[in-house]
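Colleague: Could you take a close look at how the helices pack in this model, and then follow one of those contacts into its surroundings? I would like the reasoning laid out step by step.

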Amino acid sequence: HEWASRFGVTFRNFALLLLLLLLSSCSLPPTLPLPPGGAGEANPELRTNAAALEKWQDMRFGMFVHWGPVALKGTEIGWSRGREIPFNTYDSLYMQFNPVNFDANEWISIAKEAGMKYFVITSKHHDGFSIFHSDYTEYDIANTPIKRDLMKEMQLACEDQGIMFSTYYSVLDWYHPHYTTRYRNEPRPIEDSNMDIYKQFLFDQVGELITKYNTNLIWFDGQWEASWTHEMGMELYQYCRDLNDDLIINNRVDKGFKGMAGMTDSIAKYAGDYGTPEQRIGGFNNTYPWESCITICKQWAWKPDDQLKSVQECIHTLIKTIGGDGNLLLNVGPMPDGRIEERQVEVLREIGAWVKTNEAGIYGSRGGPYMPTEELACTYNGKNLYLFVMGDSREIVVPALEGVKIRKARLIGDSHRDDS
């Protein structure tokens, strides 16, 4: 009960093999019912928007961008505040932030050329700086030397180029006077902090993301601290969906996210539409949607001479992720002048060239039926089964699929070879 195919070619590690099997009868698993994600136990009737979630899953590959005034120092966004950079120095960086070479159309063109279908920008990270024009704070891009609403420019560029615009937003805020958890030894007094006041500020800003910037997805973060409660998470999810029922919301809106593995431990109890493994490829899961967020370098924000992942590693990461039925959100950190580092762009372009050749097995596909390994991953779409082979093996052996007859196998991108 094995099917073996010898192709008589040597496979380069990064020029990965993709096979298309045309199946005359198909017992591959159908697209499964959408998982019971949604608003959590407070409102069990509000389920994940099925059409919006399926559209997002079909995209499979997106660009994550961590960027802000901290790029001036080349340290990590949020986390280096009070660690590598004194608090007052960090909090004053916005007064020098003047990314005169920023071009939203160029950023989105780079994402599109890489084969990415959606875009997520850090609208506000843990440091509290808003990279958009907000009516509810002066600690925003409007009060920097650049003054322009750079996030609005990103939104419009996405809409113009057919990329889904999305936003990251941290529910914690180590800058806001009324956020009630102090980070490390920061001097911010919290004795008179009022979480109700901060929560209203947060809801107001999230409302701006939805109504002023038409975000299609909100990637929440910062939910682990004690100031943020399960009840607040469910309330925020409900608020977002009330403003836009088509909105997709990750599981970090609530307290169900457990560790960097990123999955929710009780989907019925906690709010959220999908899991978020961080800096790792999620395990195979076709019952609860997930997305791995992984950096193209080591650091989320830009760092001079940071260690850059190879094209091969990035492509293998994408393959293993979609083979596990997940999405990949690959992060870049732009420089302080507003440009994406050229060496990162070069990697993205090479990824995009590979994606363009193999897109039939990526977009709109689902992971399985074969589980991903270090050597092989598999996706399917209808009666087409795609095998991604990583490595130099000249022979591919996979178990037979019960009730499936293999009609034809061929190399994607090889118009001269047709093996039966």
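Modeller: To speak of the angle between two helices, one needs an axis for each, and here an axis is a line fitted to the C-alpha atoms over the stretch in contact, with the angle taken between the N-to-C directions on a scale from 0 to 180 degrees. Please keep in mind throughout that this is a predicted model.

The protein chain as a whole has eight helices and 14 strands, and of its 420 residues 58% count as buried. Among the contacts between residues at least 6 apart in sequence, 70% join residues at least 24 apart.

I will begin with helix H3, residues 104-113, and helix H4, residues 150-161, whose axes lie 8 Å apart and make an angle of about 45 degrees. Angles from 65 to 115 degrees would count as roughly perpendicular and those under 35 as roughly parallel, and H3 and H4 are therefore oblique to each other. Their crossing is right-handed. On the H3 side the contact involves Ala104, Asn105, Trp107, Ile108, Ser109 and Lys112, while H4 contributes Glu153, Met154, Ala157, Cys158 and Gln161. Sorted by character, the residues of this contact comprise six nonpolar, three polar and two charged.

The other pair is H7 and H8, whose axes come within 9 Å and cross at roughly 45 degrees, which makes H7 oblique to H8. Here, too, the crossing is right-handed. Val311, Cys314, Ile315, Leu318 and Ile319 of H7 meet Val347, Glu350, Ile351, Trp354 and Val355 of H8. The character of this contact can be given as nine nonpolar residues, no polar ones and one charged.

From this second contact we can move outwards, starting with Cys314, which belongs to the H7 side. Cys314 is buried, because its relative accessible area is 5%, below the 20% limit for that class. Cys297 is likewise buried, with a relative accessible area of 3%. A biochemist may well ask whether these two cysteines are joined, and the distance settles the matter: the sulfur of Cys297 finds its closest cysteine sulfur in Cys314, but at 8.9 Å, which is too far for a bond when a disulfide requires sulfur atoms within 2.5 Å. Cys314 is accordingly in no disulfide, and the count for the model comes to zero disulfides.

Thr317 also lies in helix H7, which spans residues 311-323. At a relative accessibility of 11%, Thr317 counts as buried. Once residues up to four places away in sequence are set aside, Thr317 touches Ile281, Ile294 and Leu328.

On the side of H8, the chain runs on into a loop that joins this helix, residues 342-358, to strand E10, residues 366-367, and Gly361 lies in that loop. Gly361 is buried, since its relative accessible area is 0%. Leaving out neighbours within four places in sequence, Gly361 is in contact with Ile322, Thr379, Tyr386 and Phe388. Of these, Ile322 falls within the span of H7, residues 311-323. The C-alpha atom of Gly361 is separated by 7.9 Å from that of Leu385, a residue 24 places away along the chain.

Technical notes. Residues are numbered from 1 along each chain as its sequence is written. This is a predicted model: local features need pLDDT of at least 70, side-chain atom pairs count only at pLDDT 80 or more; totals for chains, interfaces and linings use all residues. Side-chain values use heavy atoms; hydrogens and water are left out. Helices (H or I, at least four residues) and strands (E, at least two) are DSSP runs, numbered from the N terminus. Buried means under 20% relative accessible area, exposed over 50%, partly exposed in between (1.4 Å probe, protein chains only). Contact means heavy atoms within 4.5 Å. Angles under 35 degrees count as roughly parallel, over 145 as roughly antiparallel, 65 to 115 as roughly perpendicular and the rest as oblique. A crossing is left-handed if the near helix is turned anticlockwise from the far one by less than a right angle, and right-handed if clockwise. Ala, Val, Leu, Ile, Met, Phe, Trp, Tyr, Cys and Pro count as nonpolar, Asp, Glu, Lys and Arg as charged, and the others, Gly among them, as polar.
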